[in-house]
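Colleague: Could you take me closely through one part of this model, the largest nonpolar core, and set it against the chain as a whole? Which residues make up that core, and which elements do they come from?

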Amino acid sequence: KQQTGDNWQATRRELEGEWSDFRRSVSNAHSRLIAWDETREQRFNAHLDEADAALRRSAADDAAVAADVRIRISEARDDLKTKAAQARRSYDAWRKERADERLLRNLDDSELELDEAFDRYSVALDSVQRGARPRAD
């Protein structure tokens, strides 16, 4: 009986030790999981903050581009109006006196300037339709 009791006590101590080791292992794993979840949550929130900042920056960039495009289109439109009026005046002056070489040169210059202004205006409009920034010629 004594030997059985001793074996039981030894087995019991061994089981208690293993049970304590198991509980310690579970506790350590739980602590690591909790820490990992906190780290993951911090990373997740950091990524959300980065995404929000990128969206704010993009919205600001889009607004700046839109304003820049509107300005360029407006400038190109005003330039086209001016060049068209100038070309019309040159044409009318030339029609009155077709033999005047100076008026013919003025008409040729006005035609070239009108073509250039129309091209700039077309490029500005086309860039809006394609979603790109117009060139700053």
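Modeller: A nonpolar core here is a set of buried Ala, Val, Leu, Ile, Met, Phe, Trp, Tyr and Cys residues joined through side-chain atoms within 4.5 Å, and buried means under 20% relative accessible area. Bearing in mind that the model is predicted, the largest such core holds seven residues in all, namely V69, I73, A76, L80, A117, Y121 and A124. The elements that contribute two or more residues to this core are α1 (2-96) and α2 (101-130), and α1 gives the most, with four residues. Within this group L80 deserves a closer look: leaving aside residues up to four places away in sequence, L80 touches L114, A117, F118 and Y121, of which A117 and Y121 are themselves members of the core.

As for the setting, the protein chain has two helices and zero strands. Its radius of gyration is 41 Å, well over the 14 Å that the globule rule gives for 137 residues, so the chain is more spread out than a compact globule. Along the principal axes, the C-alpha atoms fill a box of roughly 140 × 15 × 15 Å. Buried residues make up 12% of the 137 residues, while, among contacts with a separation of 6 or more, 67% join residues 24 or more positions apart. The accessible surface of the chain comes to about 11300 Å², with 52% of it belonging to carbon and sulfur atoms. Finally, the chain carries 26 positive and 30 negative charges, and the mean positions of these two sets are 3 Å apart.

Conventions: Residues are numbered from 1 along each chain as its sequence is written. This is a predicted model: local features need pLDDT of at least 70, side-chain atom pairs count only at pLDDT 80 or more; totals for chains, interfaces and linings use all residues. Side-chain values use heavy atoms; hydrogens and water are left out. The radius of gyration is taken over C-alpha atoms; the globule rule is 2.2 Å times the number of residues to the power 0.38. Buried means under 20% relative accessible area, exposed over 50%, partly exposed in between (1.4 Å probe, protein chains only). Contact means heavy atoms within 4.5 Å. Accessible areas come from the Shrake-Rupley method with a 1.4 Å probe; for residues, only the protein chains shown count as cover. Lys and Arg count as positive and Asp and Glu as negative; His and the chain ends are not counted. The place of a charge is taken as NZ of Lys, CZ of Arg, CG of Asp or CD of Glu.
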